[in-house]
Amino acid sequence: MYLNNYQYLKEKESFILIFLILTSLFVRIPVILIFGDTNLENEWKVIVENLVQHDQLSYRNFDGYFLPNLYMPPLYSLFLYIFTIFDLDQKNYIILILSTQAFLSSISVAVFYKLNKILFSKKTSLFGALIFSLFPLHMYACSQISSASLQVFLSILFIYFFLKFVEKKNILLILILSFISGLLVLLRGEFIAIFIISLFYAFLFFKVPIRKIILIIFITLITISPYLIRNIIIFEKITITKSFGYNLWKGNNPNAKVEGSELIDSNLQTKINKIPKDKYYQINLDQIFFDQAVENITKEPARYILLFLKKFFSFLFIDIQSSNPKYYNPIHYLPILIIGLTSLIGIFLQDKKSHKLNYLILIFLINIFIYSSLFILARYKLAILPLQIIFTNSLLEYMKKKLK
């Protein structure tokens with residue numbers, strides 16, 4: 001009898017996961033066909049073309065000298081490059097990329113359901129997964145040539161396996177968690193802060209032995225080691241990217257709003273023009289932007305504290321001064337505003353004794369702090385959307401208990 005019930009539950013669980021994946025994939029196909037990008041643009045176009053035509057992972061080219069890339073984290077560029085091996089025409093090449101992103105996005109919905117089940121009831125978890133699947137911004141992201149979909153996919157995997165690891169602490173979960181962490185380091189620079197704080201939290205609150213923490217760090221370093229060693233050899237520095245200074249300046253200059261500003265004044269441009277065109281160009285360029293950002297902030301601290309608060313609340317809710325006219329489509333901003341409000345209420349009403357939910361709140365706040373210190377683009381909301389849905393589920397669970 002017990003075995004029959006177990007088999008039934010297992011089959012029912014498989015049905016739910018398949019249902020979530022297929023539903024998510026089905027609704028994303030028309031989004032790709034209607035709104036999908038049709039070609040590579042900006043930095044992705046430059047980097048991929050240099051990889052294909054010159055076998056160089058490079059963003060800048062000085063008279064035939066391809067400066068080794070330090071501007072962009074490498075993972076998404078390599079993701080785009082993989083699809084060039086099929087030698088497709090431009091249209092089919094882009095469709096293949098977007099279809100793969102849609103598939104990864106659909107898988108992330110199923111994993112998100114399992115993540116919620118660690119914290120909530122099956123019904124609440126299914127509701128949260130469906131909201132995540134059908135959330136307009138999440139659906140739209142897979143139709144764009146952007147690392148957002150890959151970031152969401154890997155971030156959900158990281159949180160899921162982190163929470164599973166702190167429960168069981170076995171070697172398989174260490175291997176999986178470490179590999180995913182390495183990929184995220186190669187995708188998003190700010191993940192390094194999240195990774196370090198997560199390990200501290202695991203040690204302090206989940207009592208994970210220090211030897212297992214060290215093992216996770218070691219395997220993560222092995223995962224990123226090819227690119228890390230490449231940078232050490234070329235630049236004599238331990239680094240993945242050198243763009244923090246630019247991002248800090250973009251979000252903290254006299255012309256910056258919530259979305260930042262790339263308008264360079266004449267004095268700053270003069271400093272940039274004097275940088276030697278050698279392999280250290282990106283390092284020196286980023287330092288100039290960093291120094292200028294620090295100067296801006298120290299000269300007018302009140303102005304930039306106010307700007308930080310504007311970015312903070314824009315990230316939590318909506319940007320009321322967006323320069324993108326499509327931003328104010330109610331299909332886009334209303335769900336974002338609603339989930340912002342419900343998640344904030346859910347944070348205050350959630351179980352304060354739950355180390356797992358407290359960990360998610362900590363990660364949530366770290367993300368908001370990092371992005372608010374820099375600048376906020378519309379797609380960045382995806383970094384905190386899964387957490388906001390989880391906190392909304394906390395609100396639903398609280399309401400269910402009160403009604404009972």
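**Close-up views of the predicted model**

**View 1. Leu204 and the nonpolar surface patch.** In this predicted model, Leu204 is partly exposed, with a relative accessible area of 48%, and is found in helix α9. Leu204 belongs to a nonpolar patch on the surface that also includes Ile192, Ile196, Phe200, Phe203, Phe205, Ile210 and Ile214, and these residues together have about 760 Å² of accessible area. Two or more residues of the patch come from each of α9 (191-205) and α10 (210-235), and the largest share, 6 residues, is given by α9.

**View 2. The salt bridge between Glu167 and Lys356.** The two side chains meet at 2.4 Å, N to O. Glu167 lies in helix α7 (residues 148-168) and Lys356 in helix α16 (residues 355-373), so the pair ties together parts that are 189 residues apart in sequence. Glu167 is partly exposed at 39% relative accessibility, whereas Lys356 is buried at 16%.

**View 3. The salt bridge between Lys250 and Glu262.** Here the closest N and O atoms are 3.7 Å apart; Lys250 lies in helix α11 (residues 244-251) and Glu262 in the loop between α11 and α12 (266-273), so the pair links parts 12 residues apart in sequence. Lys250 is buried, with a relative accessible area of 11%, while Glu262 is exposed, with 52%.

**View 4. A salt bridge within helix α17.** Glu397 and Lys400, whose closest N and O atoms are 3.2 Å apart, both lie in helix α17 (residues 385-403), 3 residues apart, about one turn of the helix. Glu397 counts as buried at 16% relative accessibility, and Lys400 as partly exposed at 32%.

Technical notes: Residues are numbered from 1 along each chain as its sequence is written. This is a predicted model: local features need pLDDT of at least 70, side-chain atom pairs count only at pLDDT 80 or more; totals for chains, interfaces and linings use all residues. Side-chain values use heavy atoms; hydrogens and water are left out. Patches are made of residues with over 30% relative accessible area and no salt bridge: like charges are joined within 9 Å, nonpolar side chains (Val, Leu, Ile, Met, Phe, Trp, Tyr) within 5 Å. Accessible areas come from the Shrake-Rupley method with a 1.4 Å probe; for residues, only the protein chains shown count as cover. A salt bridge is a side-chain nitrogen of Lys or Arg within 4 Å of a carboxyl oxygen of Asp or Glu. Helices (H or I, at least four residues) and strands (E, at least two) are DSSP runs, numbered from the N terminus. Buried means under 20% relative accessible area, exposed over 50%, partly exposed in between (1.4 Å probe, protein chains only).
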